[in-house]
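Hi,

Here is the structure I promised to pass on. Have a look at it first, and then read on for what turned up when I went through it.

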Amino acid sequence: MRPIIALADCNNFYVSCERVFDPRLEGKPVIVLSNNDGCVVARSNEVKALGVPLGKPIFECQDLVDKHHILLFSSNYTLYADMSQRVMSILDEYTPEMERYSIDEAFLSLSGMSIDRTEYSREIRETVKRSTGIPVTIGIGPSKTLAKVANKIAKRTSSLRGVFDITDHPKIEDYLAQIEVGDIWGVGYRYSEMLQENGIKTALDFTRADDIWVQKRMTIRGLMTLKELRGEPCIPFEDAPPPKKGIISSKGFGIETERKDDLKEALADYTAQAAFKLRRQKSLCSVIQVFIQTSMFKAQGKYAGGISVRLPVPTSDTGVLTQAAYQGLERVYRSGYAYRKAGVMLTEIIPESAFQPDLFGTTLSSEKKINLLHAMDALNTRFGRKTAQMVAAGTLKLWGMRRSKLTPRYTTAWEDLPVAKAC
DNA sequence: TCTGGGGTCCTAGGACCC
DNA sequence: TCTGGGGTCCTAGGACCC
């Protein structure tokens, strides 16, 4: 059966989430900032029109912010994750197979469905909007890459009312000619430069490139992108995402610190978060990598250190992993530096079921301890990440994030529920 | 002067995505 | 003053082996 794939993409997702809970933001220029209020990670259409690029440090945009009264928000991932869950569960009802691609995007299989795809997609869109307040755009095509292209066209053409089906479209070449090569999914900054130097400026030009040449310059992935644009699906549809091969937890601090104890607190906190994700996917890891660094943007006093610590047996025990992280820290820590960031990465991940205890039945953790961890996970899943945590993660958090423009946790904390006032 | 060929494994680095 | 966090995949090159 020929695949037909729809890509549903939430418009300006983080900004839209903020707008759901404060409709006064509608029509106003809004920016959502990264952790520590550092960079622009989401922009309303009004801000995009002003030419503010994604990823720009906000202090470099101060003039525009002042001039156009742009409203700034710290990122509120708890809220966005919860809104994402609501959107995804609605999308899921409209297809036998869905691939959650990111927090704000999902591929839906429409293969073999006898429907008017455009009408059907409009209905999906309206239901999501009505139930969650989030606006969604849907692009449809015979491959993921063409669904992405169709989505882009739908976003920039308001007369399409949020849905575009490029499958077997008679003017497909005209549309591909309107897509800049750097806007193709899978073609980033580097390849975009390289292709343009070789006279390939649009998606249409790219479809006419030589297969061997493309593979040589852009690896097998580039060739897959090329074929997908020609309508030949190469990137598989992944109904159930494979377990993660590495789990990272790292964050910049709100302040600089030289103190090893602050780094220990931070690492304990990040390790707990990573171990939680590890247990959630029912896996164990054999290696924890630890890294710490100063700001990399200054001229002097820079330092970055990282090291791997191997566990005696695979584990997902927060306590064991935290002790290993501390060992790693002892080896990479240098006094006299102003640290800005730390992190851990869990690797060599295997499923819990694959673990063979050795001849003596060695495990690092008693059954009691594992039960305690699962109980903590359940609490944290239900009531928020910091409900139950190890004392080692600290309670002062001098190094914690700066989030000066944070909105309330409208949907996930009772005390932050929005209040409806009678007039 | 001459100094094989092929396989595997590992790592670092580079590209991409949101 | 202020510069995110979390992932994936591919390739080249070196080490090592027979």
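Before the sheet, one convention: two strands are taken to pair if DSSP finds at least two bridges between them. Also keep in mind that this is a predicted model.

**The five-stranded sheet**

With that convention, there is an open sheet of five strands, ordered 5-6-1-7-8, and the pairing in it is mixed. At its edges stand strand 5 (98-102) and strand 8 (163-165); each has a single partner strand, so one side of each is left without a neighbour in the sheet. On average, neighbouring strands here are turned by 15° against each other, if direction is ignored.

Inside the sheet, strand 1 (residues 5-10) pairs with strand 7 (residues 136-141) in the antiparallel sense, over six bridges. If you want a place to start looking, take D9, whose bridge partner in strand 7 is T137.

Two helices to look at next are helix 4 and helix 6. Helix 4 packs on the sheet and touches strand 1, strand 5 and strand 6 (105-109). The direction of helix 4 makes about 155° with that of strand 5. Helix 6 (residues 144-156) packs on the sheet as well, touching strand 1, strand 5, strand 6, strand 7 and strand 8. For helix 6, the angle is about 135° with the direction of strand 7.

**Two glutamates in the sheet**

E99 sits in strand 5, and E105 sits in strand 6. Are they buried or exposed? E99 has a relative accessible area of 8%, and because the cut-off for buried is under 20%, E99 counts as buried. E105, at 10% relative accessibility, is buried too.

As for what surrounds them, leaving aside neighbours within four places in sequence, E99 is in contact with E105, A106, F107, K144, P236, F237 and E238. With residues up to four places away again not counted, E105 touches L7, A8, D9, M88, E99, R100 and K148. So the two glutamates show up in each other's lists, and D9, the bridge partner of T137, is among the contacts of E105. One distance for orientation: the C-alpha atoms of E99 and S44 are 26 Å apart, with their positions 55 residues apart along the chain.

**Strand 2 and its partners**

Strand 2 (residues 30-33) has V30 and V32 pointing one way and I31 and L33 the other way, and all of them are buried. Strand 2 runs parallel to strand 4 (residues 71-74), joined by four bridges. With strand 3 (residues 40-43), strand 2 runs antiparallel, joined by three bridges. L33 takes part on both sides: its bridge partner in strand 4 is S74, and in strand 3 it stands opposite V40. The hairpin of strand 2 and strand 3 has six residues between the strands, and there N36 takes a positive phi near 65°.

**Helix pairs**

Two packed helices are described by the angle between their axes and the distance between the axes. Here are two pairs.

Helix 4 packs against helix 5 (residues 117-132) at an angle of about 145°, with the axes 10 Å apart. The crossing is right-handed. From helix 4, the contact is made by M83, R86, V87, I90 and L91, and from helix 5 by I124, T127, V128, S131 and T132. By class, that contact has six nonpolar, three polar and one charged residues.

Helix 8 (residues 189-197) and helix 10 (residues 211-229) have axes that come within 11 Å and cross at roughly 155°. The two helices are therefore roughly antiparallel to each other. This crossing is right-handed. Y191, M194 and L195 make the contact on the helix 8 side, and W213, R217, M218 and T219 on the helix 10 side. The residues of this contact divide into five nonpolar, one polar and one charged.

**One more residue in helix 4**

D82 is found in helix 4 (residues 77-92). D82 counts as buried, at 19% relative accessibility. What does D82 contact, leaving aside its neighbours within four places in sequence? The residues in contact with D82 are T411 and T412.

Cheers

Methods:
Residues numbered from 1 in each chain as written. Chains lettered and ligands numbered in written order. Predicted model: local features only at pLDDT ≥ 70, side-chain atom pairs only at ≥ 80, totals over all residues. Heavy atoms only, no water. Buried < 20%, exposed > 50% of the residue type's maximum accessible area, 1.4 Å probe, protein only. Contact = heavy atoms within 4.5 Å. Axes fitted to C-alpha atoms, helices over the stretch in contact; angles between N-to-C directions. Parallel < 35°, antiparallel > 145°, perpendicular 65-115°, else oblique. Left-handed = near helix turned anticlockwise from the far one by under 90°. Nonpolar A, V, L, I, M, F, W, Y, C, P; charged D, E, K, R; others polar.
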